[in-house]
Amino acid sequence: MTARPARLAASLAWLLAVGALAGCTNFFEIAIETPIRPKLDITPFQRVLVAGFVGGGSDDVDANMETVRVLRSQLRSNSGMRVIEADVLPLAEIVARQLKQGAPDDPPNDVAPQEGQLPERIRDEKDLDAYDQVFANVAYWKQLGEEFQNPLIVTGTVLFVPHSRSGFVQREEEVYDAFGRRAVRPVRTYRERKGFILRPKFIFIDGRTGTQVYSETFREEILYDAQQNTPALSSYFELMDRVVPGFLGALASQKIRGSRILLK
Amino acid sequence: MRVTLACLALLLLAAPPAVAGSRPQAKAQVEFGIAVAQRGLWREAIFRWEKAVELDPTYAAAYNNLAIGYEHEGLFDKAREAYEKALELEPKNTFIKQNFELFKEINDRATRPPGR
């Protein structure tokens with residue numbers, strides 16, 4: 001739940017409390033489940049191929065491999081589509097190879113990078129831009145689609161980078177007065193924190209035509225105290241947990257739980 | 001509880017033909033709708049609240065409840081229309097305003113354009 005709905009829900013609870021105190025019985029709180037339709041019409045597809053991603057950032061996590069693994073597992077349990085188990089595509093290598101060979105079917109593209117213009121290592125978002133052309137290569141994705149009998153193809157880019165931030169943060173501190181009474185007061189302290197940013201871009205491609213049908217970009221970050229030693233892989237999974245509902249929202253219908261007030 | 005509901009339903013069926021602007025009859029429909037919605041029978045509740053607004057088109061609470069029912073069924077356009085009507089009738093009603101705000105949050109999420 002984002003901050004805004006949380007605030008709204010809190011004020012709704014406050015209104016209910018005030019109404020109850022006033023002895024008013026003309027309203028009833030009721031739980032509702034609002035269905036959200038998937039953003040993508042997946043009716044033409046019975047199968048889905050999570051092909052692979054151009055991954056970069058931290059050396060401690062293979063963003064391509066891990067993302068494919070997480071998404072396949074989530075799709076298996078949360079969508080009605082059959083998940084194709086295939087080797088994970090090393091997309092970054094494929095782009096480099098395509099540039100070397102100069103794919104003849106590709107439309108002329110002035111902004112596409114030439115061989116040697118690809119970054120040696122993918123460290124930030126700019127480095128990923130150089131790989132964008134592979135997602136527009138209709139012939140490549142159509143061929144892949146034919147190979148797997150025209151599934152919905154999921155691909156994209158995943159950047160998982162270390163991140164640090166320092167500055168003043170507000171925290172609450174317990175204090176006791178001379179009579180032993182407890183109080184909480186806000187204290188501003190300087191803290192150095194480090195963590196990770198996960199920025200996946202999911203691209204959905206129609207395996208029958210090779211064209212992009214939908215894409216969505218997410219950005220999540222997590223920060224810990226600088227002294228805390230959290231493994232990169234566990235941070236990756238924590239961040240992916242936040243992203244996955246949004247990803248599934250593109251493919252499967254979801255229900256959002258909430259409450260409303262019925263009136264007499 | 002089922003017996004109570006059945007009696008209430010019989011009372012509603014036995015009631016004289018609806019007349020526009022009939023608040024007591026509309027209120028009976030609204031109350032029955034609330035009772036069935038609380039038991040998860042949302043379609044029946046919507047049917048009752050639709051009847052209530054037919055009977056009394058100035059009944060803001062009935063429009064509010066109808067909007068919630070539509071929201072629960074995923075009928076977002078109809079829900080928005082009903083919330084707007086409820087607020088038009090009672091613009092200062094805080095409950096309706098809150099319900100509408102929560103609805104808009106979800107509706108925005110559901111209708112966000114692709115390719116963000």
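1. A nice place to start is the hairpin of β4(A) and β5(A): five residues lie between its strands, and Gly180(A) takes a positive phi near 80 degrees there. Helices (H or I, at least four residues) and strands (E, at least two) are DSSP runs, numbered from the N terminus. Please keep in mind that this is a predicted model, in which local features need pLDDT of at least 70, side-chain atom pairs count only at pLDDT 80 or more, and totals for chains, interfaces and linings use all residues. Residues are numbered from 1 along each chain as its sequence is written, chains are lettered from A and ligands numbered from 1 in the order in which they are written, and side-chain values use heavy atoms, with hydrogens and water left out.

2. The two strands of that hairpin, β4 (residues 152-176) and β5 (residues 182-206), pair in the antiparallel sense over 25 bridges. Pairing here asks that DSSP find at least two bridges between two strands. Within this ladder, Gly167(A) has Arg191(A) of β5(A) as its bridge partner.

3. β4(A) also pairs with β2(A) (residues 47-57), this time in the parallel sense, over nine bridges. Here Gly57(A) stands opposite Phe160(A) of β4(A).

4. For the wider setting, chain A has six helices and eight strands, in the order α-β-β-α-β-α-α-α-β-β-β-β-α-β along the sequence. Of its 264 residues, 45% are buried, meaning under 20% relative accessible area, with exposed meaning over 50% and partly exposed in between (1.4 Å probe, protein chains only). Among contacts (heavy atoms within 4.5 Å) with a separation of 6 or more in chain A, 71% join residues 24 or more positions apart.

5. Helix α3(A) (residues 91-101) is worth a look: Leu91(A), Ile94(A), Val95(A), Gln98(A) and Leu99(A) are its buried residues. Seen down the axis of α3(A), they fall within an arc of 135 degrees (taken from the directions from the axis to the C-beta atoms), so they line one face of the helix. Their cover includes β2, α5 (138-147) and β4 of chain A, while Glu93(A), Lys100(A) and Gln101(A) are exposed on the other side.

6. Chain B deserves a word on confidence. Its pLDDT (the predictor's confidence in each residue, from 0 to 100) averages 85, and 77% of the residues score at least 70. Among its elements, α1(B) (residues 2-14) has the lowest mean, 55, and α4(B) (residues 60-72) the highest, 97. Over residues 14-20 of chain B pLDDT stays under 50, and the model has eight contacts beyond four places in sequence for them.

7. As for the model's own scores, ipTM is 0.81 and pTM is 0.66.
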